[in-house]
Amino acid sequence: MSMTDRSLSNVPQPGCPCCGRAGDHSTAEPQEPERERVNRRWNEILQETRVAQTGVQILFGFLLSVAFTAHFHKLGTFDHVVYVITVILGASATGALIAPVSIHRLLSGQRMKDHIVRVAGRLMVFGMVLLALTIGGTLLLLLHVVVPSLLAELLVGGVMLWFAMCWYGLPVWLRRRSARGDQA
């Protein structure tokens, strides 16, 4: 959109006093062109990916080093199983959270950005689930060494419930609240 187009689009037209469009929608936001919307959503995904990737890569790096410590070989079968599952979850989370960048790079210029944004969004959600499970496994591994087994499991369960509430429950609640507000 050129400067002239922008300046003309800001000129009020007959109709609504706020934007000139027909009808009463004074609280409505201006319409965003489809191409700008897709580009904005892609940029948001990239920013979110940067945050998640950093966390999962640091955690995954820590997990990889654990097997090379002297104490690791003294751990029981349960701890080794938790470790292996957690490393696999961490690797899977890393793959899911880096995939949007790879997909974009391989499909750049193919005029598929709207599809890429949809797939990348799903990969981000899946990657966040895997990241939460990786964090839970890491906590279980660490706490199982420090506190009695049942207490470790209860603490990890509480943390995982907290993650579920913050990462999934709160957004769902906010979406429903917003939908009710839009209907009113």
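Two residues are in contact here when heavy atoms of theirs lie within 4.5 Å. With that in hand, a look around this predicted model can start at His104, a residue of helix H3. Setting aside neighbours within four places in sequence, His104 touches Trp42, Lys113 and Ile116. His104 has a relative accessible area of 18%, and since the cut-off for buried is under 20%, His104 counts as buried.

Stepping back to the whole protein, there are five helices and zero strands. Read from the N terminus, the order of elements is simply α-α-α-α-α. Of the 184 residues, 27% count as buried. Contacts across the chain are worth a look too: taking those between residues at least 6 apart in sequence, 67% join residues at least 24 apart. As for the outside, the accessible surface comes to about 12,600 Å², and carbon and sulfur atoms account for 65% of that surface.

Next come the aromatic rings, which form two pairs in this structure. In one of them, the ring centres of Phe72 and Tyr83 sit 4.9 Å apart with the planes at 65 degrees, so this pair is edge-to-face; the angle needed for that label is over 60 degrees. Phe72 belongs to the loop between helix H2 (34-66) and helix H3 (77-107), while Tyr83 is part of helix H3, so the pair ties together parts that are 11 residues apart in sequence. Both Phe72 and Tyr83 are buried.

The other pair is made by Phe163 and Trp167, with ring centres 4.6 Å apart and planes at 80 degrees, so it is edge-to-face as well. Here both partners lie in helix H5, which covers residues 149-183. Phe163 and Trp167 are four residues apart, or about one turn of the helix. What about their exposure? Phe163, at 15% relative accessible area, is buried. Trp167, on the other hand, has 29% relative accessibility and counts as partly exposed, because that class runs between 20% and 50%.

Finally, there is a greasy spot to point out on the surface. Val125, Val129 and Leu133 make up a nonpolar patch there, and together they offer about 220 Å² of accessible area. Leu133 is found in helix H4, which spans residues 113-146. With a relative accessibility of 39%, Leu133 counts as partly exposed.

Notes:
Residues numbered from 1 in each chain as written. Predicted model: local features only at pLDDT ≥ 70, side-chain atom pairs only at ≥ 80, totals over all residues. Heavy atoms only, no water. Phe/Tyr/Trp six-rings, centres within 6.5 Å; stacked < 30°, edge-to-face > 60°. Helix = DSSP H or I, 4+ residues; strand = E, 2+ residues; numbered from the N terminus. Buried < 20%, exposed > 50% of the residue type's maximum accessible area, 1.4 Å probe, protein only. Patch = residues over 30% accessible without salt bridge, like charges linked within 9 Å, V, L, I, M, F, W, Y side chains within 5 Å. Areas by Shrake-Rupley, 256 points an atom, 1.4 Å probe, with all protein chains shown as cover. Salt bridge = Lys/Arg side-chain N within 4 Å of Asp/Glu carboxyl O.
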